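Trainee: I am new to this structure and would be grateful for a close look at the place where the ligand sits. Please describe the surroundings of the ligand in one connected account.

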Amino acid sequence: MQFDLFDGSRNQILGATVYADFKETLARSNCARCPLSSSRTQIVVDRGNPQAKVLMIGEAPGENEDLQGRAFVGRAGKLLDELMREVGFNTETDGLIINVVKCRPPENRAPAPKEVEACFPFLKKQIELVNPRLILLLGATALKHMVPDKEGSSMKREVGIFFTHAAYPGVELMVLYHPAYLLRDPRKRPLMAEHLARFRERWARGLENGKEAKDGG
Ligand code: URA
């Protein structure tokens, strides 16, 4: 029954033609497409600038995000902000930060495949409306679900390297360590700094050419 009731608003969310409408309708939708709806405080759509050309994708909202309704505002988010600031990137204005699922999993566990599947149309719509030039995948969950044909591939192998993928025409992608992982294992920080230096170099060259390539087909 809940699913039937939600269908109308789901169509409205997925039919949005501008990001602000998408965000508002999703945030207010009372979506119940997966069990995470029963334990969440609110739907967490994003944080940052939807006009930006860099999209960062994390795993799922944690406790602070669930309470505040904004992505990456807890300890991991603060570390992300700090690391990005060190390479001259402001996470509020230079990028948009989103998650694979929009509701907090209990005990901050990784989202289950069925939960990701239920939420995926919203994520796809979000990418379509933001139309980024560069996607940074934060951690193994984002890698696994955003690039499923790399499933089974280790973070160790994929992290820090730019690549393209047929599912995201005209977009460059890079996998980065999730900031929560760096909090648990600070020894990985120097490697993250190397990856971010690569990102900074790419970002400094500008992202407009990629847009032309994408618009051109
Ligand atoms: N971790 C995530 O993956 N996303 C958040 O929004 C916060 C912590």
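**The ligand and its pocket**

Mentor: In this predicted model, the shell around the ligand is made up of G58, E59, A60, P61, E65, A71, F72, N99 and H178. Sorted by class, this shell has four nonpolar, three polar and two charged residues.

Three polar contacts can be followed from the ligand to the protein, and they may be taken one by one. An oxygen atom of the ligand has a backbone N or O atom of E59 at 2.8 Å. For A60, too, the backbone is involved: one of its polar backbone atoms is 2.9 Å from a nitrogen atom of the ligand. With N99 the side chain takes part, placing a polar atom 2.7 Å from a nitrogen atom of the ligand. On its own, the ligand has 240 Å² of accessible area, and the protein covers 90% of this.

The view can now be widened from the ligand to the space around it. The ligand occupies the largest pocket of the structure, whose volume is about 690 Å³. This pocket is lined by 27 residues, and those closest to its centre are E59, A76, H178, A180 and R184. Two of these names, E59 and H178, also belong to the shell around the ligand.

Several helices contribute to the lining of this pocket. At least two residues each come from α3 (63–68), α4 (75–86), α6 (140–146) and α8 (179–184). The greatest contribution is that of α8, which supplies four residues. In terms of class, the lining of the largest pocket comprises twelve nonpolar, eight polar and seven charged residues.

For context, the enclosed space in the model may be set beside this pocket. The structure contains one cavity of 30 Å³ or more, and the volume of the largest cavity is about 120 Å³. Its lining consists of 16 residues, with C31, C34, R40, C103 and C119 closest to the centre. Helix α5 (residues 113–130) provides the largest share of that lining, namely four residues. By class, the cavity lining has eleven nonpolar residues, one polar residue and four charged residues.

To return to the part you asked about, the ligand lies in the largest pocket, with the backbone of E59, the backbone of A60 and the side chain of N99 each offering a polar atom to the ligand.

Methods:
Residues are numbered from 1 along each chain as its sequence is written. This is a predicted model: local features need pLDDT of at least 70, side-chain atom pairs count only at pLDDT 80 or more; totals for chains, interfaces and linings use all residues. Side-chain values use heavy atoms; hydrogens and water are left out. On a 1 Å grid over the protein atoms alone, a cavity is a set of points where a 1.4 Å probe fits but cannot get out, and a pocket is an open set with protein on both sides within 12 Å along at least five of seven lines; lining residues have an atom within 4 Å of a point. Grid points are joined across faces, edges and corners, and a volume is the space filled by probe spheres set on the points. Ala, Val, Leu, Ile, Met, Phe, Trp, Tyr, Cys and Pro count as nonpolar, Asp, Glu, Lys and Arg as charged, and the others, Gly among them, as polar. A residue is near a molecule or strand if one of its heavy atoms lies within 4 Å of it. A polar contact is a pair of N or O atoms within 3.5 Å; within protein, one must be able to donate a hydrogen and the other to accept it, and residues adjacent in sequence count only if both atoms are side-chain atoms. Accessible areas come from the Shrake-Rupley method with a 1.4 Å probe; for residues, only the protein chains shown count as cover. A molecule sits in a cavity or pocket if more than half of its atoms lie within 2 Å of its grid points.
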